[in-house]
Every structure is written in C-alpha cells, then in structure tokens.
Amino acid sequence: MAYTSFGEYVRILRIKHHQVMGDMAKILGTTTPYLSSVENGRKNVPKEWIDKIEKHYGLNSADKAKLINAVDESKVQYKIVPKNAGAAQRKAAVQFARSFDGMDDETAEKIIALLNAKEEKA
Amino acid sequence: MDYRTKPVSRKHLRIYAQVLRRLFDVPQDGPFPVLTVLERLGDYFEGCCFLVVKDKYLPKQTPARCTANDNGGFTIEIKQSVYDGAFERNIGAYLGFICHEICHVFLFSIGYRPLYERSFANNTLPAYCSVEWQAKALSGEVMIPYRESRGMGLDKIMETYHVSKGFAKTRINL
C-alpha cells in the first residue's frame with residue numbers, strides 16, 4: 001500500500017494549504033475512507049474531482065495538467081464499454097487486461113508504447 | 001498483542017518527544033497537531049502512509065493499527081469514526097490513538113524494533129521493553145510537553161493539549 005501519483009499530488013496540495021484529509025473530503029463532498037482509498041490506489045479518481053480541485057485551489061493550467069497526469073497515472077480500473085466494441089475487440093481487451101495483471105511497470109510501458117506507435121501509424 | 005524491544009527510560013522518551021516535534025517543525029510547547037503530522041508522515045519516514053477505513057474493516061477493539069507494507073514502510077490504518085472524531089470534534093482519545101501509531105513508526109525508525117519473531121500477550125512484558133507501552137508513553141510525552149505542563153490540573157491539561165482524561169491523569173501521576 002502506498003500513495004498513488006494522485007494521492008501524492010493532493011497530499012502536497014493539502015500541506016501547502018494547511019489542510020488535512022478531512023478538509024479535502026468536505027471540499028470534494030465525499031467521505032474520508034473514500035478519499036483515502038482513492039489516494040491509496042484502491043479506487044479510481046472520480047472525474048468530477050478534477051474540476052472541484054481546480055476551482056477550490058485555483059490551479060493554473062500547468063498545475064491542472066500535472067493533476068490530470070497524476071489522475072491518469074493513478075488509474076486502477078479501466079472501463080470497457082461493450083456496446084461500442086465488437087466481439088473481437090471485447091475479447092482482446094479482456095485478454096490484455098488479464099495479461100497486465102502482475103506485469104512489471106517497465107514491460108507494461110513498453111507494450112503501451114508499441115500499441116501507441118501502432119495507433120499513430122494507423 | 002505486544003512485542004519485546006530494547007528498553008527505554010522515561011527520560012529518553014522525553015527527549016524523543018522533543019525530537020519528534022522538531023522533526024515535524026512543531027513548537028516544543030502547546031498542542032501537538034496530530035492530523036497535520038499524519039499528512040507529512042511519508043516525508044520523513046520512507047514508504048509510510050495512512051489509510052482511513054470504514055469501521056467494519058478493523059476489529060472492534062482496534063481504533064487504529066500500524067502494519068508493515070510492501071514499500072519498506074508502514075501503513076497506519078485508522079477507523080473512519082476515529083479519524084472523523086479527531087478531525088471534526090478534536091476528541092482527545094481519538095487524537096491519542098492516532099498519535100500512538102505515529103509513535104510506533106518513529107520508535108521503529110530509531111531502532112526500537114521487535115527483538116524476537118514471537119509476540120506476547122498484552123501486559124505480560126515489563127513496561128520499559130514493551131513496544132506497546134513505549135508507543136503509548138511516547139504519545140503522552142509528545143502530546144503533553146512535560147516542562148510546560150508542570151503544575152497544571154486535569155481540566156487544564158485536557159483543554160490545553162486536546163487529550164483524553166486518561167492521558168491527563170497519567171501526566172499528573174508522573
């Protein structure tokens with residue numbers, strides 16, 4: 001168990017603003033266990049939190065970009081919307097999701113880079 | 001459950017209390033900002049973090065606990081009712097529970113580690129070499145600065161330092 005990039009980002013934000021987790025839970029309209037589980041990578045960051053954090057803390061565009069990046073890096077679950085995907089795509093997505101479990105970061109990053117490069121070519 | 005560790009004296013615990021305050025830039029007098037220090041735990045103790053959990057995830061008699069994690073540090077798990085009570089109502093006992101866990105991390109980091117693999121039943125070890133007693137005593141010293149609190153009565157100690165009646169009584173009896 002450790003803080004995710006998002007967890008680390010908001011922890012530093014709180015320290016800068018002399019706040020603790022309880023303050024931020026109120027700002028985000030959530031409970032402390034929920035915020036805590038997001039910070040520790042047990043749950044994904046709800047999308048609406050990005051705007052709430054940006055508005056409340058008056059983030060500039062560079063800081064917002066850092067926040068979005070941290071949110072992306074902290075994703076623990078990926079949603080597949082079946083109605084938008086064909087049977088083959090669904091099968092491939094599930095296979096990939098299973099394969100990524102337990103894979104080391106370096107290998108996963110290389111695979112993602114390969115797939116991205118393929119998409120760019122297409 | 002308790003573990004045996006190297007012995008510590010009350011005199012040394014008072015010094016450690018000052019060190020802990022200094023580490024987190026907390027003045028040597030006045031109340032100890034437990035929740036603020038909790039936020040900054042990972043800054044000074046590598047791999048350490050905290051997690052607020054729903055009450056049902058920890059045993060009934062466990063308000064908070066400190067366990068080794070995969071990052072070479074510790075995770076302090078705190079019941080929601082305990083964290084929220086400390087945050088919203090400044091409940092002394094709850095602040096004390098959290099401070100107790102912070103003290104476990106600190107003591108471990110300065111070498112007060114379990115001497116054996118085996119655990120012992122609570123209250124069976126001599127206090128001075130009990131991991132649990134040391135953390136409890138240190139949290140009292142951290143939350144109630146010894147010198148400043150000299151001559152204070154029970155209510156004054158509770159009010160000044162946001163501590164429980166139990167902690168205040170212990171201080172008066174020292």
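How many residue pairs are in polar contact across the interface of chain A and chain B? The rule finds 10 of them, with both partners at pLDDT 80 or more. That confidence score is a reminder that you're looking at a predicted model, so take everything below as computed from that prediction.

Let's stay at this interface for a moment. On the chain A side, helix 1 (5-16), helix 2 (21-28) and helix 3 (32-39) each supply at least two of the residues that touch chain B. Sorted by class, that side of chain A has seven nonpolar, seven polar and five charged residues. Counting both partners, 19 residues of chain A are in contact with 21 residues of chain B. The size of an interface is often given as the accessible area lost when the parts come together. Here the area buried between chain A and chain B is about 1,600 Å², and carbon and sulfur atoms give 57% of it.

Charged side chains meet across this boundary too. The rule finds three salt bridges between chain A and chain B. If you want one to look at, try Arg14(A) and Glu39(B), whose side chains meet in a salt bridge with N and O 2.8 Å apart.

Now zoom out to salt bridges in general. Over all chains, the count comes to 12. Some of them join up: Glu8(A), Arg11(A), Asp25(B), Arg40(B) and Asp43(B) are linked in a network of salt bridges. Inside that network, Asp25(B) pairs with Arg40(B), their closest N and O atoms being 3.5 Å apart. Asp25(B) sits in the loop between helix 1 (10-23) and helix 2 (34-39) of chain B, and Arg40(B) sits in the loop between helix 2 and helix 3 (41-44), so this salt bridge ties together parts that are 15 residues apart in sequence. The two partners have contrasting surroundings: Asp25(B) is exposed, with a relative accessible area of 60%, whereas Arg40(B) is buried, at 17%.

Over in chain A, have a look at Lys64(A). Which residues does Lys64(A) form a salt bridge with? One is Asp51(A), with the closest N and O atoms 4.0 Å apart. Asp51(A) belongs to helix 4 (residues 48-57) and Lys64(A) to helix 5 (residues 61-73), so the pair ties together parts of chain A that are 13 residues apart in sequence. Another partner is Glu54(A), and in that pair the closest N and O atoms are 3.3 Å apart. Glu54(A) is in helix 4 as well, 10 residues from Lys64(A) in helix 5. Each of the three residues is partly exposed: Asp51(A) has a relative accessible area of 40%, Glu54(A) has 25% and Lys64(A) has 22%.

Back to chain B, and to a loop. Asn69(B) lies between strand 2 (64-68) and strand 3 (74-79) of chain B. Is Asn69(B) buried or exposed? At 13% relative accessibility, Asn69(B) counts as buried. Its side chain has backbone atoms to meet there. The backbone oxygen of Gly47(B) lies 2.8 Å from a polar atom of the Asn69(B) side chain, and the backbone nitrogen of Asn71(B) lies 2.9 Å from a polar atom of that side chain.

Strand 2 of chain B also holds Ala64(B). With 6% relative accessibility, Ala64(B) counts as buried. Leaving aside neighbours within four places in sequence, Ala64(B) is in contact with Leu58(B), Glu77(B), Ile78(B) and Glu101(B). For a sense of scale, pick out Gly166(B): 102 residues separate Ala64(B) from Gly166(B) in sequence, and their C-alpha atoms are 18 Å apart in space.

Last stop: the cysteines. How many disulfides does a search of the whole structure find? The result is zero over all chains. Take Cys48(B), whose nearest cysteine sulfur, in Cys66(B), is 7.0 Å away; a disulfide needs the two sulfurs within 2.5 Å. Cys129(B) is in no position to bond either, because its sulfur is 18 Å from the closest cysteine sulfur, in Cys103(B), which is too far. Both residues are tucked away from the surface in this accounting: Cys48(B) is buried, with a relative accessible area of 6%, and Cys129(B) is buried, with 2%.

Terms used:
Residues numbered from 1 in each chain as written. Chains lettered and ligands numbered in written order. Predicted model: local features only at pLDDT ≥ 70, side-chain atom pairs only at ≥ 80, totals over all residues. Heavy atoms only, no water. Buried < 20%, exposed > 50% of the residue type's maximum accessible area, 1.4 Å probe, protein only. Helix = DSSP H or I, 4+ residues; strand = E, 2+ residues; numbered from the N terminus. Polar contact = N/O pair within 3.5 Å; in protein donor to acceptor, adjacent residues only side chain to side chain. Contact = heavy atoms within 4.5 Å. Buried area = accessible area lost by both parts, 1.4 Å probe. Nonpolar A, V, L, I, M, F, W, Y, C, P; charged D, E, K, R; others polar.
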